[in-house]
Amino acid sequence: MKKVLAIVLALTLTTGLLSACGSGDATETTPYAAPEATEPTSEPTAEPTEEAQSNIDKALTLINTFATGDTETARELLDENYIQHNLAYGTGEDAFISSVEGLAAAETATAVENIRAFEDGDYVFLQNVYNFAGAGEQVAFDIFRFDADGEAAEHWDKLAALAAEANPSGHTQIDGTTEISDLDKTEENRELVEDFLYDVMQGNNPDKTADYFDGDAYIQHNTAIADGVSGLNAALTALAEQGIQMIYDETHMVLAQGNFVLSVSEGTYGGEHTSYYDLWRVENGKLAEHWDVMETIADESTWQNDNGKF
């Protein structure tokens, strides 16, 4: 039986949980005598090789075409069979190009700002802020899968309005730590989040909740929740008192690079079919910081593609 997250945390986060608690040196050049003149040779001079563009660079260039209107670059970066999981848009390369053209034709320019960028194998996951044709700022998570040819072959995303005010602890949806570290702990941190999702968010082993946090130390960027595990517990308890159930049913994807882990989950919020994107920063084997975007999944009759949200 699925557990309601609010009840899980309210029962498990007890008073005992809350109280327990470069640059290198410059190298000088040594003067030397000019070499003696030699006869020119017929061997060609090697052309300097251009460093391959990383998938992160490609993803950033691709989303920036929304602002530049550069359809030629977009086509170069996209696989012709590009799979789109944003249900408000058509799938395929041509549908993406049409979006770029439409934004370029708008009276108000589109703005794109990348906040965080990560890479996990063939996947790139980004946190961005968009303002599409002056419609208002939105915070987003974008995920791109790149194929063997280095082209963007598939895309998932989640967007929400960027709040005008900070949350109860003074944090915004995008501020906080950006530095990637602990690359040697990527798999360890991925497993930590996978276990947390199963044990706590899906309500399978609620008694393990305290194991995932360092006492009450937890930086929260959700617009309505204060810092600390106590802040999370208070917010979820308040939801439960209003009869609102926040349920995670299934995890579809967990991407990681070093100390950052992004999960994509499916569930319900207040009975509505919902997708959850959660980004965690892990520190010393504990969940230390959290950003998220959640969104009600549109009715299937309105979908512009048949690829599904996940």
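Is serine 99 buried or exposed, and what is its relative accessible area? Keep that in mind as you load the model, which is a predicted one.

**Stop 1: serine 99**

Select serine 99, which sits in helix H5. Serine 99 is buried, because its relative accessible area of 19% falls under the 20% cut-off. Now show its surroundings: leaving aside residues up to four places away in sequence, serine 99 touches Phe66 and Tyr89.

**Stop 2: the whole of helix H5**

Widen the selection to residues 93-105, the 13 residues of H5. If you want to try a distance in the viewer, pick the C-alpha atoms at the two ends: they are 19 Å apart, which agrees with the 18 Å that 1.5 Å a residue should give.

Next, colour the buried residues of H5, namely Glu93, Phe96, Ile97, Ser99, Val100 and Leu103. Why do they sit on the same side of H5? Around the axis they cover an arc of only 155 degrees, which puts them on that one side. A helix has a simple rhythm behind such patterns: with 3.6 residues a turn, residues three or four places apart point the same way. Turn to the other side of H5 and you will find Asp94 and Ala105, both exposed.

What covers the buried residues of H5? The cover includes helix H3 (55-68), helix H4 (71-77) and strand S1 (78-84), so show these next to H5.

**Stop 3: helix H3 against H5**

Hide the rest and keep H3 and H5. A pair of packed helices is described by the angle between their axes and the distance between the axes. Here the axes of H3 and H5 come within 7 Å and cross at roughly 40 degrees. That angle makes H3 oblique to H5. To see the contact itself, select Leu62, Thr65 and Phe66 on H3, with Phe96, Ser99, Val100 and Leu103 on H5. By residue type, this contact of H3 with H5 has five nonpolar residues, two polar and no charged.

Now look at H3 alone. H3 has 14 residues and reaches 19 Å from first C-alpha to last, close to the 20 Å expected at 1.5 Å a residue. Its buried residues are Asn55, Ile56, Lys58, Ala59, Leu62, Ile63, Thr65 and Phe66. Just after H3, click on glycine 69, which takes a positive phi of about 75 degrees.

**Stop 4: the loop between S5 and H6**

Most residues other than glycine have a negative phi, so the next pick deserves a look at its backbone. Select aspartate 182, in the loop between S5 and H6. Aspartate 182 has a positive phi of about 55 degrees although it is not a glycine. At 29% relative accessibility, aspartate 182 counts as partly exposed.

Stay in this loop, between strand S5 (152-161) and helix H6 (186-201), and select aspartate 184. With 70% relative accessibility, aspartate 184 counts as exposed. Which C-alpha lies 9.2 Å from that of aspartate 184, though 73 residues apart along the chain? Add glutamine 257 to the selection to see that pair.

**Stop 5: asparagine 284**

Finish in the loop between strand S9 (272-283) and strand S10 (286-296), where asparagine 284 has its place. Asparagine 284 is not a glycine, yet has a positive phi of about 55 degrees. Its relative accessible area is 67%, and asparagine 284 is exposed.

Key
Residues are numbered from 1 along each chain as its sequence is written. This is a predicted model: local features need pLDDT of at least 70, side-chain atom pairs count only at pLDDT 80 or more; totals for chains, interfaces and linings use all residues. Side-chain values use heavy atoms; hydrogens and water are left out. Helices (H or I, at least four residues) and strands (E, at least two) are DSSP runs, numbered from the N terminus. The expected span of a helix is 1.5 Å times one less than its number of residues. Buried means under 20% relative accessible area, exposed over 50%, partly exposed in between (1.4 Å probe, protein chains only). The arc is that of the directions from the helix axis to the C-beta atoms. Contact means heavy atoms within 4.5 Å. Axes are lines fitted to C-alpha atoms, for helices over the stretch in contact, and angles run from 0 to 180 degrees between N-to-C directions. Angles under 35 degrees count as roughly parallel, over 145 as roughly antiparallel, 65 to 115 as roughly perpendicular and the rest as oblique. Ala, Val, Leu, Ile, Met, Phe, Trp, Tyr, Cys and Pro count as nonpolar, Asp, Glu, Lys and Arg as charged, and the others, Gly among them, as polar.
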